[in-house]
Amino acid sequence: MNRPGSAPGWARRLVAVVSWLVPRDARAEWREEWEGELDALARADRSGQGRGYPGVGRFVAGALPHAVWLNTKEWTMDSLWHDVRYAFRGLRRAPGFALIAAVTLALGIGANGLIFSFVNGLVFRPPVGIADPDRLVQIARSYDAAPRWDSWSWPALREIGADSPVFAGVAGYQDQSFVLGRGAETNQVAGQTVTGGYFEVLGVRPFLGRLIGAVDDVSPGGHPVVVLSYGLWARRFGADTRIVGQTVAVGSQPYQVIGVAPPGFVGPDAVGLAPEVWVPAMQRTGPGGRHPFGEWRMSWLRAVGRLNDGVTYAQAASAMDAATIRLRSADAGAEDIRVLLAPGVGLDPAGRGRVEQISFLLIGIVGLVLLLTCTNVANLFLARGASRTTEVGIRMALGARRSRLTRQFLTESLLVAALATLIAVPMVAAGSRLLPMLFPMALTVSVAPDPTVYLFLGVVGLLAGLLFGTAPAWAAGAGNMVDALRGGRDGRGQSRAQLREAIAR
């Protein structure tokens with residue numbers, strides 16, 4: 001029950017909790033002052049004179065950062081630097097302990113960084129050479145009776161992109177293997193046949209020459225031109241800038257090189273074989289040497305579209321009902337066909353689902369590994385702390401606060417975590433070259449670490465340092481000075497043993 005004119009009980013209880021964040025020697029004074037200010041605010045509020053003053057709730061919320069500031073105002077750069085130097089000297093006196101702890105922790109940090117690097121390259125990293133990939137959508141053919149993610153025929157793809165208020169452009173492509181060169185210089189390379197709008201829809205700019213465009217969509221079989229990947233151009237043709245206009249053999253036919261794609265460009269797909277040549281889809285022949293450009297029943301083109309400015313993905317998905325009706329009207333045999341969209345590029349919904357399943361499984365495994373390594377390192381620090389009780393007792397006798405000792409032990413933990421993170425960096429770089437070999441699908445994209453991965457490693461290292469350093473830091477500040485000066489052979493040593501047992505369970 002509240003005293004007349006006092007603050008609500010819940011507010012006083014919250015202030016009591018917040019006051020525990022204040023240094024011990026000033027805790028009672030600040031709690032008394034806060035409770036007095038709370039009572040004054042409560043009286044002003046009841047008398048109607050509290051306008052312009054913070055309410056009781058706002059005051060309690062403001063006391064929390066104040067308490068934190070009171071506990072950290074002595075954290076000057078000089079004191080922090082002193083803690084770092086002291087921690088470094090302590091670890092230098094025990095190099096074997098520091099190295100074992102850092103390598104143990106690096107295994108957990110490196111495993112998490114490796115999986116994040118894999119997922120980052122496969123799912124999150126923007127495709128190289130593609131402009132505004134968030135404005136791209138995948139367009140698939142499905143059926144009401146048998147839903148699936150399927151490709152399109154040439155006339156159906158044209159119908160989807162014709163006079164659409166949703167798309168700025170629609171393009172199609174098909175993976176294909178090509179034989180490049182003649183005689184002893186013959187090589188089989190991965191490539192794609194693409195419609196004239198392919199590079200424009202993706203927003204790709206040529207490194208040399210020009211790319212396949214609308215002028216290459218005019219007549220079936222009448223456009224024997226080829227675009228080379230940057231890697232093939234550098235490897236096969238010695239990065240000769242005069243390659244544009246020259247003729248190379250593709251299959252049994254001569255094709256004119258019209259351009260070179262930008263470095264790193266592999267198209268919109270994250271899985272499969274990285275294409276090294278692109279030729280116009282108009283060069284495609286079907287069974288019996290027939291061109292498939294009037295065949296509604298021959299589906300061979302995967303489709304990608306770029307949304308018009310101002311069109312959201314939700315609006316585009318809703319507009320596909322109208323596109324479905326249009327297709328059914330244009331093709332008498334497509335009475336149950338349906339147009340589906342998926343946002344972005346890289347992986348289709350089925351592939352994304354498989355990757356997510358594998359990723360979640362790996363994340364769970366490496367998360368457990370990190371927890372186990374943090375537990376082991378915490379035990380190492382607790383065991384080392386048991387031999388430092390006399391040192392702690394002397395520092396407490398000289399006036400060191402428990403908060404300062406806790407900060408000192410956390411500093412040592414963070415130094416070990418920083419060393420572990422540095423060790424983890426080459427581990428992640430090496431692992432990113434091996435992990436794709438274990439993945440069940442070939443990858444066209446790089447999963448090598450980038451600045452985002454290194455930032456992730458730093459964050460994981462920091463959190464790991466705080467995680468495994470909390471128990472030793474708490475143990476350092478617990479107990480009393482007499483026990484510490486005796487070497488920690490009674491209550492404090494027993495509490496440390498109990499804490500180690502609890503962590504090890």
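This is a chat about cavities, pockets, a helix pair and some backbone details in a predicted model.

Student: Hi! Before we start, is this model predicted or something else, and what does it hold in the way of cavities of 30 Å³ or more?
Tutor: Hello! The model is predicted, and the structure holds one cavity of 30 Å³ or more.

Student: What volume does the largest cavity have?
Tutor: Its volume comes to about 40 Å³.

Student: And which residues line the largest cavity?
Tutor: The lining is made up of Asp175, Gln192, Val266, Asp269, Val271, Gly272, Leu273, Pro275 and Thr444. By class, the lining of the largest cavity has four nonpolar, three polar and two charged residues.

Student: Nice. Let's move to pockets. What's the volume of the second largest pocket?
Tutor: The second largest pocket has about 390 Å³.

Student: How many residues line the second largest pocket, and which lie nearest its centre?
Tutor: There are 22 lining residues, and Gly121, Arg125, Pro126, Pro127 and Val445 are the ones nearest the centre of the second largest pocket.

Student: Which helix gives the most to that lining?
Tutor: That would be helix α5, residues 95–124, which gives four residues to the lining of the second largest pocket.

Student: How do the lining residues of the second largest pocket divide into nonpolar, polar and charged?
Tutor: Twelve are nonpolar, seven are polar and three are charged.

Student: Changing topic: at roughly what angle do α6 and α9 cross?
Tutor: Helix α6 (residues 154–161) and helix α9 (residues 313–330) have axes that cross at roughly 140° and come within 10 Å. Because of that angle, α6 is oblique to α9.

Student: Is the crossing of α6 and α9 left-handed or right-handed?
Tutor: The crossing is right-handed.

Student: Which residues make the contact?
Tutor: From α6 you have Ala156, Glu159 and Ile160, and from α9 there are Arg326, Leu327 and Ala330. Sorted by class, the contact of α6 with α9 has four nonpolar and two charged residues, with no polar ones.

Student: OK, now Ala190. Where does Ala190 lie?
Tutor: Ala190 is part of strand β3, residues 187–194.

Student: What does Ala190 touch, leaving out residues up to four places away in sequence?
Tutor: Ala190 touches Gln176, Leu273, Ala274, Pro275, Glu276 and Val277. Take Glu276: Ala190 and Glu276 are 86 residues apart in sequence, with 5.8 Å from C-alpha to C-alpha.

Student: Last bit, the backbone. What is phi of Asp132, and where is the place of Asp132?
Tutor: Phi of Asp132 is near 45°, which is positive in a residue other than glycine. Asp132 sits in the loop between α5 and β1 (136–143).

Student: Why pick that out?
Tutor: Because most residues other than glycine have a negative phi.

Student: And what about phi of Ala239?
Tutor: Ala239 is not a glycine either, and it has a positive phi of about 55°. You can find Ala239 in the loop between α8 (230–236) and β6 (247–250).

Notes
Residues numbered from 1 in each chain as written. Predicted model: local features only at pLDDT ≥ 70, side-chain atom pairs only at ≥ 80, totals over all residues. Heavy atoms only, no water. 1 Å grid on protein atoms, 1.4 Å probe; cavity = no way out; pocket = protein on both sides within 12 Å on 5 of 7 lines; lining within 4 Å. Points joined across faces, edges and corners; volume = space filled by probe spheres on them. Nonpolar A, V, L, I, M, F, W, Y, C, P; charged D, E, K, R; others polar. Axes fitted to C-alpha atoms, helices over the stretch in contact; angles between N-to-C directions. Helix = DSSP H or I, 4+ residues; strand = E, 2+ residues; numbered from the N terminus. Parallel < 35°, antiparallel > 145°, perpendicular 65-115°, else oblique. Left-handed = near helix turned anticlockwise from the far one by under 90°. Contact = heavy atoms within 4.5 Å.
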